[in-house]
Amino acid sequence: MQKNWQIGSLFGIPLFLDSLWFVIVGLATLNFGVAYQGWGTVTAWSAGLVMALLLFTSVLLHELGHSLVAQSQGIKVNSITLFFFGGIAAIEEESKTPGKAFQVAIAGPAVSIILFVLLTLGYQVIPDTTLLNVMVRDLARINCVVALFNLIPGLPLDGGQVLKAALWKITGDRFQAVHWAAKSGQILGYCAIACGFALDFFTQELVTGLWIVLLGWFAIRNANTYDNVTTLQETLIKLQAVDAMTRDFRVVDANKTLREFADLYLLDTSFPHTSHIAHTYFAASDGRYRGLVKIDDLRITERSQWETETLQTIVHPLNTIPTVSESTSLADVINKLENEQLPQITVLSPAGAVAGVIDRGDTVKCLAQKLSLQISEGEIKRIKEEGTFPPGLQLGVIAKSVVER
C-alpha cells in the first residue's frame, strides 16, 4: 500500500510526501546533474540535487497559493502532498461562487508566474559565466512552464478549474460546468496519450513519449474522478428520502404490556424477522403513532413491571427522535446520519405518520440502483450492520460538500 510521510506543516496545513516523490526527485537530479557536468562531477550532481529540491519547492509554493486563497474564503485545506506528477492541495469543499472558485484556481499559476518574473530578474544580475546563473535561469523557465502547463483548459489542471469557474458564471450551473471542464480534460488526456505514442514512434524519444503518455493517463483518471463525484453530488440532491427509505419496521399496539410485547416480538423465534435488519418498532393506538419503542428501554425496566406497564409508558414520541420528511434530499439525510452519528432515521409523511426508515445501507442501495454501481447485497448488509460507508465511497464528505453549498 502506498504511504505518505508527513514532513511538517505550513499555515496549519499538513505537508506530505508521496512515496513516489523520491523517484521523481531522483530523475530530476539525474537530468540536471547530467546537464551540469561541465562544472565538474561533484559540483554537477550537487547542483542537480539542489535543483530537484528547488523544483519541488516551486511546486509547493504553487499549491500553497491555492491553499491560502481557499483558507481566506473559510475553506479548510486538509493537506498538501508532493507526488510523482507534482503536487496537490486537498481542499475540503468548493468555493461558494464562480468568482471565488476562479480566485482559488488562478492563485497557483499566479504564484508560478511571480516566481518566473523574480527569478528572471535575479539571473540578469548574476554573472553569465557562473553555474548559479544557469540554475536560476533554469528554475525561472521551469516556473514558466509549470504556469503555462497548468493553465491548459481541462480538469484536473488549474486551467480546467478556471474553465469551470467561467462556465459556472455563464450557465449558472456548477454541475454542468464541472462536466464540461472534465470532458475537456478527458479529450486533452487522450490527445496527450496519442502524442506520446506518436513521439515514441517517429522520434524514438521513448522517455519523453512515455512521460507524456503518463501525464495523459493521469489527466483522464482525475477528470473521470471529477465527473463521477459531480454526478454523485447531483444525484444526492435530486434523490429524496422517500426514494431510499424502506418499510422494514413493525407497528405494534401501544396498549400491549411490556410482557406481551416481549413474548410476541422478541422471544418468539418463529416470528418472521428479516435476518439482516435491526428490528424497529413503532407503537400506535387509536389510529395514531405514539412513538418509537427502543428495546434497550425494556432492559432497564424492572421485570416486575413488565406485567402492568404498557408500551405507551416507554415510547419515544416522534417529535423527540431523529426524523426527516419524505421530500428531504438524500444529501441532507446522509449529513444528518453522519453529523449525529445515527444508526437510522425515521421518515415522516406530510401527515406526520411514519412512512419509513432509512439507514446508510439504504442510501447506498438507492444510489447503486440509480447510478448502476456494482455494490453487492453482501456489502449493503455489511453497511447496515456496521453503520459505516465503504472507504472508497466517501458519501459523508460528498454530502457535506453539497449541503454546505
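Which helices do the buried residues of helix 5 pack against? In this predicted model, the partners are helix 2 (41-72), helix 3, helix 4 (131-150), helix 6 (174-203) and helix 7 (206-238). The buried set in helix 5 starts with Asp 158, Gly 159, Gly 160, Gln 161 and Val 162, and carries on with Lys 164, Ala 165, Leu 167 and Trp 168. As for its geometry, helix 5 covers residues 158-171, 14 residues in all. At 1.5 Å a residue it should span 20 Å, and its end C-alpha atoms do sit 20 Å apart, so expectation and model agree. Just past the end of helix 5 comes Gly 172, whose phi is positive, at about 75°.

Helix 3, one of the partners of helix 5, also turns up at the surface. A nonpolar patch there is made of Ile 113, Ile 114, Val 117, Leu 118, Leu 121, Leu 148 and Leu 151, which together offer about 630 Å² of accessible area. Helix 3 (residues 98-124) is the top contributor to this patch, supplying five residues. Leu 121 is a patch member that belongs to helix 3.

Helix 7, another of the helices packed against helix 5, holds Asn 222. Is Asn 222 buried or exposed? With a relative accessible area of 16%, Asn 222 falls under the 20% cut-off and therefore counts as buried. Gly 185 is 37 residues away from Asn 222 along the chain, yet their C-alpha atoms are separated by 8.5 Å.

On to the cysteines: the disulfide count comes to zero. Cys 195, for one, is in no disulfide, as the nearest cysteine sulfur, that of Cys 191, is 6.5 Å away, whereas a disulfide would need the two sulfur atoms within 2.5 Å. Cys 195 is partly exposed, at 49% relative accessibility. Cys 144 is partly exposed as well, with a relative accessible area of 24%; that value lies between the 20% and 50% cut-offs, so neither buried nor exposed would apply.

Further along the chain, Gly 387 sits in the loop that links helix 13 (377-386) to helix 14 (395-403). Its relative accessible area is 26%, so Gly 387 is classed as partly exposed. Setting aside neighbours within four places in sequence, Gly 387 makes contact with Arg 360 and Arg 382. Between Gly 387 and Val 111 there are 44 Å in space, C-alpha to C-alpha, and the two are 276 residues apart in sequence.

Terms used: Residues are numbered from 1 along each chain as its sequence is written. This is a predicted model: local features need pLDDT of at least 70, side-chain atom pairs count only at pLDDT 80 or more; totals for chains, interfaces and linings use all residues. Side-chain values use heavy atoms; hydrogens and water are left out. Patches are made of residues with over 30% relative accessible area and no salt bridge: like charges are joined within 9 Å, nonpolar side chains (Val, Leu, Ile, Met, Phe, Trp, Tyr) within 5 Å. Accessible areas come from the Shrake-Rupley method with a 1.4 Å probe; for residues, only the protein chains shown count as cover. A salt bridge is a side-chain nitrogen of Lys or Arg within 4 Å of a carboxyl oxygen of Asp or Glu. Helices (H or I, at least four residues) and strands (E, at least two) are DSSP runs, numbered from the N terminus. Buried means under 20% relative accessible area, exposed over 50%, partly exposed in between (1.4 Å probe, protein chains only). The expected span of a helix is 1.5 Å times one less than its number of residues. Contact means heavy atoms within 4.5 Å.
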